[in-house]
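Student: Could we take a close look at one part of this protein together? I would like to start from a single residue and work outwards.

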Amino acid sequence: RTWFSAEEDEDSIVPLIPQLKANMAITAAEALEDALINGDDSATHQDADVTSSSDVRKAWKGFRYQALAVAGLKKALTTLTPAAILSVKTAMQTYGVDPSKLAWILAPTTNDIVVAQTIGETKQGFGKYVTIANGGITAMFGAQAVTSGKMRENLNASGVYDGTTTDNTVLLLVRTDRHVLGSRRSLTIKTDEKIESDQVQIVGSFRKGYAPLRTPSTTERSVAIGYDLAVTP
């Protein structure tokens, strides 16, 4: 929700209402992305800096939490090599056989390291395993890949935030058809004018729900994670 005055709208170089509506749509999409990756609805969140009950990361248990909770679904990546990354896929066993049903989620630094090692002077064999477009990795080991700004790069070696060790990130692999995202209400944006104060209120809301078809486990390997991944090359 946001407010602005008629004077602000009149003085703005761009029309405020269309711009604010566009900003709300971006904010809503980023909130959903954050919850899917970093969510944990436990009484105490896995990350020490998530304490508010209204934090979007308290919506549900997301991919990182699910993978870290099962020993067989996590692999330590002390070095970023093709073999190390492939070990994350191997952890999914039969769930990782069909690359068309998989999606890698990378942090921005991870994307840049792999790109540099593929096309730079420090070639480490990534060339035939990744597809790069406009400086971004679009596929890895035959599965689609996305780079997300919501992949935290200030985690400890265990893959969570503790406020002390903040130089690690993680790498996620998700079996997309084993996770369901539902919608009761798509993003709805409404405006209301308060004529007595010459103010305009804009409110955006949506109702989403998420759950894995079955809780990830050693028999339901629908998500895997690579942790202990340094954010510097």
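Is Arg 152 buried or exposed, and what is its relative accessible area?

Tutor: Happy to! Keep in mind that this is a predicted model. Arg 152 has a relative accessible area of 11%, and because buried means under 20%, Arg 152 counts as buried.

Now for its partners. Arg 152 shares a salt bridge with Asp 47, with 3.4 Å from N to O. This pair ties together distant parts of the chain: Asp 47 sits in the loop between α2 (16-38) and α3 (63-68), while Arg 152 sits in the loop between β6 (143-147) and β7 (168-175), 105 residues apart. Asp 47 and Arg 152 are both buried.

Arg 152 also meets the side chain of Asp 49 in a salt bridge, this one with 2.7 Å from N to O. Here too the pair links distant parts of the chain, with Asp 49 in the loop between α2 and α3, Arg 152 in the loop between β6 and β7, and their positions 103 residues apart in sequence. Asp 49 has a relative accessibility of 34%, so it counts as partly exposed.

Let us look at how these pairs join up. Another salt bridge is formed by Arg 57 and Asp 55, whose closest N and O atoms are 2.9 Å apart. Arg 57 and Asp 55 are both buried. Through salt bridges that share partners, Asp 47, Asp 49, Arg 64 and Arg 152 become one network. Across the whole structure, a search finds 9 salt bridges.

From here we can step outwards to some buried places elsewhere in the chain. Thr 109 belongs to helix α5 (residues 108-119). Its relative accessible area is 18%, so Thr 109 is buried as well. If you leave out residues up to four places away in sequence, Thr 109 touches Glu 153, Val 231 and Thr 232.

Helix α5 comes up again when you look at helix α4 (residues 82-90). The buried residues of α4 are Pro 82, Ala 84, Ile 85, Val 88 and Lys 89. Their cover includes α5, together with β2 (74-76), β3 (102-106), β5 (136-140), β7 and β10.

Next, follow the chain to two loops with a backbone detail worth finding. In general, most residues other than glycine have a negative phi. Gln 93, in the loop between α4 and β3, has a positive phi of about 50 degrees although it is not a glycine. With 49% relative accessibility, Gln 93 counts as partly exposed. Phe 141, in the loop between β5 and β6, also is not a glycine and has a positive phi, of about 55 degrees. Phe 141 is buried, because its relative accessible area is 15%.

Gln 93 also gives you a nice pair to find on screen. Thr 219 and Gln 93 are 126 residues apart in sequence, yet their C-alpha atoms are 9.5 Å apart in space. Thr 219 lies in the loop between β9 (199-212) and β10 (223-230). Its relative accessible area is 65%, so Thr 219 is exposed.

Finally, let us turn to charges on the surface. A patch of positive charge is made by Arg 184, Arg 185, Lys 190 and Arg 207. Strand β8 (residues 179-194) contributes the most to this positive patch, with 3 residues. One residue of strand β8 is Lys 190, which counts as exposed because its relative accessibility is 59%.

There is a patch of negative charge on the surface too, where Glu 7, Glu 8, Asp 9, Glu 10, Asp 11, Glu 193 and Asp 198 gather. Helix α1 (residues 6-11) gives the most to that negative patch, with 5 residues. Asp 9 is found in helix α1, and because its relative accessibility is 30%, Asp 9 counts as partly exposed.

To return to your starting point: Arg 152 is buried, it pairs with Asp 47 and with Asp 49, and it belongs to one network with Asp 47, Asp 49 and Arg 64.

Key: Residues are numbered from 1 along each chain as its sequence is written. This is a predicted model: local features need pLDDT of at least 70, side-chain atom pairs count only at pLDDT 80 or more; totals for chains, interfaces and linings use all residues. Side-chain values use heavy atoms; hydrogens and water are left out. Patches are made of residues with over 30% relative accessible area and no salt bridge: like charges are joined within 9 Å, nonpolar side chains (Val, Leu, Ile, Met, Phe, Trp, Tyr) within 5 Å. Accessible areas come from the Shrake-Rupley method with a 1.4 Å probe; for residues, only the protein chains shown count as cover. A salt bridge is a side-chain nitrogen of Lys or Arg within 4 Å of a carboxyl oxygen of Asp or Glu. Lys and Arg count as positive and Asp and Glu as negative; His and the chain ends are not counted. The place of a charge is taken as NZ of Lys, CZ of Arg, CG of Asp or CD of Glu. Helices (H or I, at least four residues) and strands (E, at least two) are DSSP runs, numbered from the N terminus. Buried means under 20% relative accessible area, exposed over 50%, partly exposed in between (1.4 Å probe, protein chains only). Contact means heavy atoms within 4.5 Å.
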